[in-house]
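User: I should like to work through this structure by question and answer. Please begin with one of its helices.

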Amino acid sequence: MELNVKKIEENLKTAAIGRQIHYYEQVTSTMDVAREMAEGGAMEGSVVVAEEQTSGRGRFGRKWVSAAGEGLTFSVVLYPGVWAVSRLTIATAVVVARVLNRGYGLMPGIKWPNDVRVNGKKICGILVETAFQDDQVRYALIGIGININQSPDLLDGEMSSQTTSIAYEVGHKLDREEVLQAVLLELSYVYSSLEEWSTVWADWLKAMEHLGENIKVLWGDRVEEGIAEGVDNDGNLLMRRKDGSVVSLAAGEVTFQV
Ligand code: BTN
């Protein structure tokens, strides 16, 4: 069923994000459409949502596949300060985790830096793309893909042992509008108070999986192995190598393996 975005816009008319929602049946990627809109000076907090993406993308050039009409795939146009950019991924992961917990009773974990998982399976992916000019942020786009009503066989075949959906976890189908509105509302709240970071930060640390465990990361063409010791204020992962040295890994550059 088509998403009624007018109703959500009405309910979010005083929120920072979601006052304008552009709805499409099919796009290449909501990131492409959001980028064009940002280049054209779209209002901050504009949202692009599509039923189907023909080239949905994830981090490191991976594909994001979502059956039409079953999940939510959307992007948000923002114009943050430079200082805020490194917080966007973390903030968004916390927002989605809060919505899944408060609205649906799930206990999500976050696999650093940006996979939201339930029972060890990915339920949401987040992609932040930023354009800079002369050390200033021209715009930042937050792309969010959430598996909502997919049954396991509709989830990407190869990945079905590693992915799940909200419906699968709670045992019934959901109203996608309700989830979209809840995420946009919480994101508005968190984005508007990004300077007050401590509660987001605390939720992130609580949800973060694999702290204290032995992990492997791919860093360019290098593989680093060590213990995940924590994260610093910018969201970098701190890993202690076997020789005792600690390396700080930036989210944009590393693939995390368990
Ligand atoms: C990842 O897990 O690597 C990130 C996946 C991000 C997917 C979302 S779906 C909406 C937006 N449009 C895209 O093409 N990608 C993001």
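User: Which residues of α5 are buried?

Analyst: The model is a predicted one, in which local features need pLDDT of at least 70, side-chain atom pairs count only at pLDDT 80 or more, and totals for chains, interfaces and linings use all residues. Residues are numbered from 1 along each chain as its sequence is written, and side-chain values use heavy atoms, with hydrogens and water left out. Buried means under 20% relative accessible area, exposed over 50%, and partly exposed in between, with a 1.4 Å probe and protein chains only. In α5 (helices are DSSP runs of H or I with at least four residues, strands runs of E with at least two, numbered from the N terminus), the buried residues are Arg176, Glu177, Val179, Leu180, Val183, Leu184, Glu186, Leu187, Ser188, Val190 and Tyr191.

User: How far apart are the end C-alpha atoms of helix α5?

Analyst: The expected span of a helix is 1.5 Å times one less than its number of residues. Helix α5 has 17 residues, 176-192, and should therefore span 24 Å. The distance between its end C-alpha atoms agrees with this: 24 Å.

User: Which residue caps the N-terminal end of α5?

Analyst: A polar contact is a pair of N or O atoms within 3.5 Å; within protein, one must be able to donate a hydrogen and the other to accept it, and residues adjacent in sequence count only if both atoms are side-chain atoms. Here a side-chain oxygen lies 3.0 Å from the backbone nitrogen of Glu177. The residue that supplies this oxygen and caps the helix is Asp175.

User: Are the rings of Trp201 and Trp204 stacked, edge-to-face or tilted?

Analyst: Rings of Phe, Tyr and Trp (its six-membered ring) pair if their centres lie within 6.5 Å; planes under 30 degrees apart count as stacked, over 60 as edge-to-face and the rest as tilted. One aromatic pair is found in a search of the whole structure. The centres of the Trp201 and Trp204 rings are 6.0 Å apart and their planes lie at 35°, so this pair is tilted.

User: What is the distance from Lys122 to an oxygen atom of the ligand?

Analyst: Lys122 is among the residues that come nearest to the ligand, where near means having a heavy atom within 4 Å. For Ser29, a side-chain N or O atom is 2.7 Å from a ligand oxygen. For Lys122, the corresponding distance from a side-chain N or O atom is 2.5 Å.
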